[in-house]
Amino acid sequence: MPDPGGDVRVKICGIVDPVALATACEAGADWVGFVFFARSPRSVTAAQVATLLHDVGPRSPQTVGLFVRASDDEVARVLDVTRLDILQIYDTPERAMAIREQFRRPVWLACGVATRTDLPETCAVDGLVIESRAPVDADRPGGNARSFDWSLTARWPAPAPWLLAGGLTPENVAAAIATSGARAVDVSSGVEDAPGRKNPGRIRNFIQAARAIG
Ligand SMILES: O=C(O)c1ccccc1NCC(=O)[C@H](O)[C@H](O)COP(=O)(O)O
């Protein structure tokens, strides 16, 4: 996933509209994420994603589907309808491994972090999304515009490629990369005007700011 010697890689998550998708593609995002979770303000259906991706060119970013405690049937129904390169799973590590086995596709496990002990020491999937742990009463486990102490990951011996997520913005992403040591970053709320409403200018600014640090 991240290229230790190359540019910082960027995922623009929670895409719901064609302008945001085209902007992320043109600005050089490495991944675009789609949220298959009905309680999210960024929730999309498989049919909507298939339509969005229909006109995307061959040099498009990889597509990531987000699933929260989803059954095999739910994942299968999405994969029947639309192309997803990677599955981002909000569930136990065991369940993430089972999904990887079942669907023969790269799986990223989302890990909610508040303290150093939340950082995983082992990983049997293809990548980790290290994001701020959601409050217990949150409607959703991610996409809450909350950051955590980025210095926690600075000396973490990561067991797998990982992305830094949660509360990143065009204004803070350079500091987040410098402090955390991340080589890949993930944003949703920080490039929006309101939950689910992406701002094309902020998408461009975020990618530029992440890449400027090199
Ligand atoms: O965005 C959502 O609504 C969402 C719902 C359920 C699970 C995950 C969700 N989002 C996760 C992400 O978009 C990213 O992985 C990342 O956490 C972005 O967080 P933020 O930039 O703080 O919105």
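Which of the 27 residues around the ligand come nearest? In this predicted model, the nearest residues of that shell are C13, S40, G142, G143 and S189. Two or more shell residues are supplied by each of the elements β2 (31-36), β3, β6 and β8 (184-187). Sorted by class, the shell around the ligand consists of 12 nonpolar, 11 polar and 4 charged residues.

The predictor assigns the complex an ipTM of 0.97 and a pTM of 0.95. For the protein chain, the mean pLDDT is 94, and a value of 70 or more is reached by 97% of the residues. Where pLDDT is low, predicted coordinates should not be read in detail.

The protein chain contains 6 helices and 10 strands. Along the principal axes, its C-alpha atoms fill a box of roughly 40 × 40 × 35 Å. The radius of gyration of the protein chain is 16 Å, which agrees with the value near 17 Å for a compact globule of 214 residues. Of these 214 residues, 41% count as buried.

Several of the strands pair in the parallel sense. Strand β3 (residues 62-68) is joined to β4 by 5 bridges, and the two strands run parallel. Within this pairing, L66 has Q88 of β4 as its bridge partner. The connection from β3 to β4 passes through helix α3 (residues 72-81), and this β-α-β crossover is right-handed.

On its other pairing, with β5, strand β4 (residues 86-90) runs parallel and is joined by 3 bridges. Two of the residue pairs can be named: Q88 has W108 of β5 as its bridge partner, and I89 is partnered by L109 of β5. Q88 thus appears in both pairings of β4, as the partner of L66 and of W108. A second right-handed β-α-β unit is made by β4, helix α4 (residues 93-103) and β5.

Strand β5 in turn pairs with strand β6 (residues 127-132), in the parallel sense and over 6 bridges. In this pairing G112 stands opposite E131 of β6. Strand β6 is also one of the elements that give two or more residues to the shell around the ligand, as is β3.

Burial was examined for the two strands β4 and β5. In β4, 5 of the 5 residues are buried. In a regular strand, side chains alternate between the two faces of the sheet. For β4, both faces are covered: I86, Q88 and Y90 are buried on one side, and L87 and I89 are buried on the other. Strand β5 (residues 107-113) is mostly covered as well, with 5 of its 7 residues buried.

Helix α3, which lies on the path from β3 to β4, includes R77. This residue counts as partly exposed because it has 14 C-beta neighbours inside 10 Å, whereas a buried residue requires 20 or more and an exposed one 12 or fewer. The C-alpha atom of R77 is separated by 7.9 Å from that of A46, a residue 31 positions away along the chain.

Terms used:
Residues numbered from 1 in each chain as written. Predicted model: local features only at pLDDT ≥ 70, side-chain atom pairs only at ≥ 80, totals over all residues. Helix = DSSP H or I, 4+ residues; strand = E, 2+ residues; numbered from the N terminus. Pairing = 2+ DSSP bridges. Right-handed = clockwise from strand over helix to strand, strands pointing away. Near = placed C-beta within 6 Å. Nonpolar A, V, L, I, M, F, W, Y, C, P; charged D, E, K, R; others polar. pLDDT = per-residue confidence, 0-100. Rg over C-alpha atoms; globule rule 2.2 N^0.38 Å.
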